[in-house]
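New to this protein? Take a moment to look it over before reading on.

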Amino acid sequence: MLIGELSRRTGVAARLLRYYDEQGLLCPERDSSGYRVYASDAPYVVARIRGMLAAGLNTEAIREMLPCATGTGTDTGPGIDPCPEVLRTMTTHLQRMDADIEELRRRRAELAAFRDATEARQERARAH
């Protein structure tokens, strides 16, 4: 199928599909005119890519894990076969997410303290 049909089937813009191709996530063939021709399973591959992106993985990790992905990328997400390095990649990304969450909690607490101090100043100013 051509890129326009894949775009219609998946709801993903052709420009984004070309980006996936550039990142090595989709590997279409080229016809004699140079047009990208995608395999019949391309809609499922796009669904897997979208699911992995939604889970917070970057394209480098997806490129590594995509050959191990199974299923159709449904709401429950793609399954992953136990290919080498896959568990380590997922664990690394989970650890980064945990660190990001902790950093956001710290920053939120600082902002809340700043807001509380500002409100207290306002209250004192109104009282005088």
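What follows is a quick tour of the chain as a whole, and then of how some of its helices pack.

Keep in mind that this is a predicted model. The protein chain contains five helices and four strands. Starting at the N terminus, you'll meet them in the order α-α-β-β-α-α-β-β-α.

How much of the chain is tucked away? Of the 128 residues in the protein chain, 26% are buried. As for the outside, the protein chain exposes about 9100 Å², with carbon and sulfur atoms supplying 52% of that area. The contacts say something about reach along the sequence, too: if you take those between residues at least 6 apart in sequence, 46% join residues at least 24 apart.

Now for the helices. Two packed helices are described by the angle between their axes and the distance between the axes. Here are those values for the pairs made by helix α1 (residues 3-10), helix α2 (residues 14-22) and helix α3 (residues 42-54).

| Helix pair | Angle between axes | Axis distance |
|---|---|---|
| α1 and α2 | about 110° | 9 Å |
| α1 and α3 | roughly 55° | within 10 Å |
| α2 and α3 | roughly 85° | within 12 Å |

Let's start with α1 and α2. With an angle of about 110°, and with 65 to 115 degrees counting as roughly perpendicular, α1 and α2 are therefore roughly perpendicular to each other. On the α1 side, I3, L6 and S7 do the touching, and they meet A14, L17 and R18 in α2. Sorted by class, the residues of this contact are four nonpolar, one polar and one charged.

What about α1 and α3? Their axes cross at roughly 55°, so the two helices are oblique to each other. The crossing of α1 and α3 is right-handed. L6 turns up again here: together with R9 and T10 in α1, L6 meets A42, P43 and V46 in α3. The contact of α1 with α3 has four nonpolar residues, one polar and one charged.

That leaves α2 and α3, whose axes cross at roughly 85°. That angle makes α2 roughly perpendicular to α3. From α2 come L16, L17 and Y20, while α3 brings V46, I49, R50 and L53 to the contact. By class, this contact of α2 with α3 has six nonpolar residues, no polar ones and one charged.

A few residues link these pairs. L6 takes part in the contact of α1 with α2 and in the one with α3. L17 of α2 meets α1 and also helps make the contact with α3. V46 of α3 is in contact with α1 and is part of the contact with α2 as well.

Terms used:
Residues numbered from 1 in each chain as written. Predicted model: local features only at pLDDT ≥ 70, side-chain atom pairs only at ≥ 80, totals over all residues. Heavy atoms only, no water. Buried < 20%, exposed > 50% of the residue type's maximum accessible area, 1.4 Å probe, protein only. Contact = heavy atoms within 4.5 Å. Areas by Shrake-Rupley, 256 points an atom, 1.4 Å probe, with all protein chains shown as cover. Axes fitted to C-alpha atoms, helices over the stretch in contact; angles between N-to-C directions. Parallel < 35°, antiparallel > 145°, perpendicular 65-115°, else oblique. Left-handed = near helix turned anticlockwise from the far one by under 90°. Nonpolar A, V, L, I, M, F, W, Y, C, P; charged D, E, K, R; others polar.
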